[in-house]
Amino acid sequence: MTAPPVSNRPVVAFDLDGTLVDTAPDLLDALDLVLAPHNIPPVNRAEARNMIGGGARLLIVRALKSEGVALPDTEVEAMTQRFIAHYADNIAVGSRPFPGLLDALDRLAAKGVSLAVCTNKLEHLARLLLDALELTERFAVITGADTYPRSKPDPLPLVSTIAAAGGSAARSIMVGDSITDVLTARATGVPVVAVSFGYTETPAAELGADALIHHFDELERAVDALLARPAM
C-alpha cells in the first residue's frame with residue numbers, strides 16, 4: 001500500500017466492532033457454535049459483549065476462561081478457524097451500524113475529513129462486514145489485525161492507517177470503544193474519542209479518552225473540539 005502525499009486534511013480513524021457496528025449478535029452466535037461441542041451452554045449476551053475486541057482467538061480464550069475450561073492450544077486454534085469460517089458466512093445477519101453513524105460520517109466527510117477504519121478484526125472480515133452493510137465506500141482506508149506485522153495497541157497500525165489516508169498524527173483522531181483503542185492513540189500521539197455504547201470491561205468513562213460520546217450525534221462536536229486544540 002503506497003501512502004499518498006501528506007496533506008493538511010484531517011483523518012478520523014475508527015475502530016470497527018463496538019464502535020462503528022454492533023457486531024455482537026453475529027460474533028456471539030459464532031462463539032456459541034464453537035463452544036457447544038465442549039458442552040458449554042450459550043454465553044450470556046450482556047456479559048459476553050465485553051469479551052469482544054481482541055479478535056476471534058482472544059474471544060474464545062476469554063469465554064473458555066470464564067467457564068473455567070482449559071483446552072490445548074491446538075484445539076483453541078481449531079476452534080478459531082471454525083469460528084472464522086462460520087462468521088465469514090454469517091457476518092451481517094444481526095450486525096448493524098450504531099444509531100446515528102451514517103449521518104455522523106456524512107457530516108465529517110462534508111467538512112473534508114478523511115475517514116478510515118483501524119481494527120483488530122482480520123482485514124478480510126472487516127471488508128466483508130463493511131461491504132455487506134454498504135459502508136466500504138465511506139472509508140479511504142480499511143486496515144485490520146493482519147494488515148501490518150503488529151496489531152493494536154502497538155502504534156504501527158494507526159500510524160500506517162493515517163499515512164495511507166494521506167494524513168498526519170498532528171491532524172488525526174482515533175475513535176474507539178476500549179482500552180486498546182485509547183492505548184493505541186496514546187502511543188501514536190493522537191487524541192481519542194471513546195464511545196460509551198461499545199464493548200469494554202472498563203467503563204468507557206474510565207478509559208482516559210480525551211472525549212466521551214454516548215451517541216454518534218455528538219461525534220462532530222467532539223472532533224471539532226479536538227482538532228481545534230493547540231498542538232502539544
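In the predicted model, helix 7, which spans residues 156-164, holds a set of buried residues: Pro-157, Leu-158, Ser-160, Thr-161, Ile-162 and Ala-164. These buried positions are covered by several elements, including strand 1 (11-14), strand 4 (114-118), strand 5 (141-143) and strand 6 (172-176), together with helix 8 (179-188). Helix 7 is followed by Gly-166, a residue with a positive phi, near 85°.

In soluble globular proteins, nonpolar side chains tend to be buried together. In this model, the largest nonpolar core comprises 57 residues. The members that touch the most other members are Phe-14, Leu-31, Phe-83, Phe-139, Val-193, Phe-216 and Leu-219. Helix 1 (residues 24-35) supplies the largest share of this core, with seven residues. A second core, separate from the largest one, contains 17 residues, among them Val-11, Ala-13, Ala-185 and Leu-207.

Leu-219 may be followed from the core into a helix pair. When neighbours within four places in sequence are set aside, the contacts of Leu-219 are Phe-14, Ala-104, Leu-108, Val-175, Val-193 and Ile-213. Leu-219 also takes part in the packing of helix 9 against helix 5. Two packed helices are described by the angle between their axes and the distance between the axes. For helix 5 (residues 101-110) and helix 9 (residues 219-228), the angle is about 35° and the axes lie 9 Å apart. Helix 5 contributes Ala-104, Arg-107 and Leu-108 to the contact, while helix 9 contributes Leu-219, Glu-220 and Val-223. Four of these residues are nonpolar and two are charged, with no polar residue present.

Helix 4 (residues 73-89) takes part in two further packings. The axis of helix 3 (residues 56-66) comes within 9 Å of that of helix 4, and the two axes cross at roughly 120°. Because of this angle, helix 3 is oblique to helix 4. The crossing of helix 3 with helix 4 is right-handed. On the side of helix 3, the contact is formed by Ala-56, Arg-57, Leu-59, Ile-60, Val-61 and Leu-64. The partners in helix 4 are Asp-73, Val-76, Glu-77, Met-79, Thr-80, Phe-83 and Ile-84. By class, the contact of helix 3 with helix 4 has nine nonpolar residues, one polar residue and three charged residues. Phe-83, a participant in this contact, is also one of the residues that touch the most other members of the largest nonpolar core.

The second packing joins helix 4 to helix 6 (residues 123-132), with axes that come within 10 Å and cross at roughly 20°. Angles under 35 degrees count as roughly parallel, and helix 4 is therefore roughly parallel to helix 6. The crossing of helix 4 with helix 6 is left-handed. Ile-84, Tyr-87 and Ala-88 of helix 4 meet Leu-125, Leu-128 and Leu-129 of helix 6. This contact consists of six nonpolar residues, with no polar and no charged residues. Ile-84 of helix 4 is thus found in the contact with helix 3 and in the contact with helix 6.

His-86 is also located in helix 4. Its relative accessibility is 26%, and His-86 therefore counts as partly exposed. Apart from residues up to four places away in sequence, His-86 touches Ala-30 and Leu-33. The C-alpha atom of His-86 is separated by 19 Å from that of Met-51, a residue 35 residues apart from His-86 along the chain.

Technical notes: Residues numbered from 1 in each chain as written. Predicted model: local features only at pLDDT ≥ 70, side-chain atom pairs only at ≥ 80, totals over all residues. Heavy atoms only, no water. Core = buried A, V, L, I, M, F, W, Y, C linked by side-chain atoms within 4.5 Å. Buried < 20%, exposed > 50% of the residue type's maximum accessible area, 1.4 Å probe, protein only. Helix = DSSP H or I, 4+ residues; strand = E, 2+ residues; numbered from the N terminus. Contact = heavy atoms within 4.5 Å. Axes fitted to C-alpha atoms, helices over the stretch in contact; angles between N-to-C directions. Parallel < 35°, antiparallel > 145°, perpendicular 65-115°, else oblique. Left-handed = near helix turned anticlockwise from the far one by under 90°. Nonpolar A, V, L, I, M, F, W, Y, C, P; charged D, E, K, R; others polar.
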